[in-house]
Amino acid sequence: DINAATLVAVATDVAKNVFVFTPVGVPAPAQPVPVAGSPLPASLQLVGPLNGEELLLPTAARVEAAVGR
């Protein structure tokens, strides 16, 4: 079962990894990726070059479309 505490723990775990990159201008979105047999997704983090949103965001959109989320 998924409960609020589990969701908060997962979100906190993902956020601590993204936070390392964001303040210095490096885009690093974390995207949910479905895991067969699990109610919770895994997380795929993409890290782009400094100020590389124009490169990374279309890539992230393609990943999102490919995994169906």
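Which backbone oxygen does the side chain of Gln31 reach? The side chain of Gln31 comes to 2.8 Å from the backbone oxygen of Ala60. The model is predicted.

**Overall layout**

The chain holds two helices and two strands. Their order along the sequence is α-β-β-α. Of its 69 residues, 17% count as buried. The accessible surface of the chain is about 4700 Å². Carbon and sulfur atoms supply 65% of that surface. Among contacts with a separation of 6 or more, 43% link residues 24 or more positions apart.

Confidence varies along the chain. The mean pLDDT is 81, and 90% of the residues reach 70 or more. Helix α1, residues 4–19, has the lowest mean pLDDT among the elements, at 75. Helix α2 has the highest, at 88.

**The strand pair**

Strand β1 covers residues 30–33. Strand β2 covers residues 42–45. The two strands run antiparallel and are joined by four bridges. One residue pair can be named here: Pro32 has Ser43 in β2 as its bridge partner.

The side chains of β1 alternate. Gln31 and Val33 point to one face and are buried. Ala30 and Pro32 point to the other face and are not buried.

**Gln31 and its surroundings**

Gln31 belongs to strand β1. Is Gln31 buried or exposed? Its relative accessible area is 9%, so Gln31 counts as buried, the cut-off being under 20%. Beyond its neighbours within four places in sequence, Gln31 is in contact with Ala42, Ser43, Leu44, Leu46, Ala60, Val63 and Glu64. Ala42, Ser43 and Leu44 fall within β2, residues 42–45. Ala60, Val63 and Glu64 fall within helix α2, residues 53–67. Ala60 thus appears twice for Gln31: in the contact list, and as the owner of the backbone oxygen at 2.8 Å from the side chain.

**Helix α2 and the loop before it**

Helix α2 has 15 residues, numbered 53–67. It reaches 21 Å from its first C-alpha to its last. That is close to the 21 Å expected at 1.5 Å a residue. Gly68 follows α2, with a positive phi near 80°.

Glu53 lies in this helix. Leaving out residues up to four places away in sequence, Glu53 touches Pro27 and Pro58. Glu53 and Pro27 are 26 residues apart along the chain, yet their C-alpha atoms are separated by 6.0 Å.

Asn51 sits in the loop between β2 and α2. Its phi is also positive, near 55°, in a residue other than glycine. Most residues other than glycine have a negative phi.

**Accessibility of four residues**

The table sets out four residues by relative accessible area.

| Residue | Location | Relative accessible area | Class |
|---|---|---|---|
| Gln31 | strand β1 | 9% | buried |
| Glu53 | helix α2 | 36% | partly exposed |
| Asp13 | helix α1 | 39% | partly exposed |
| Asn51 | loop between β2 and α2 | 56% | exposed |

Why does Asn51 count as exposed? Its relative accessible area is 56%, and exposed means over 50%. Glu53, at 36%, is partly exposed because it falls between the two cut-offs, 20% and 50%. The same reasoning places Asp13, at 39%, in the partly exposed class.

**Helix α1 and strand β2**

Asp13 lies in helix α1. How far apart in space are Asp13 and Ser43? Their C-alpha atoms are 9.8 Å apart, with their positions 30 residues apart in sequence. Ser43 is also the bridge partner of Pro32 and one of the residues in contact with Gln31.

Methods. Residues numbered from 1 in each chain as written. Heavy atoms only, no water. Buried < 20%, exposed > 50% of the residue type's maximum accessible area, 1.4 Å probe, protein only. Polar contact = N/O pair within 3.5 Å; in protein donor to acceptor, adjacent residues only side chain to side chain. Contact = heavy atoms within 4.5 Å. Areas by Shrake-Rupley, 256 points an atom, 1.4 Å probe, with all protein chains shown as cover. Expected span 1.5 Å × (residues − 1). pLDDT = per-residue confidence, 0-100. Pairing = 2+ DSSP bridges.
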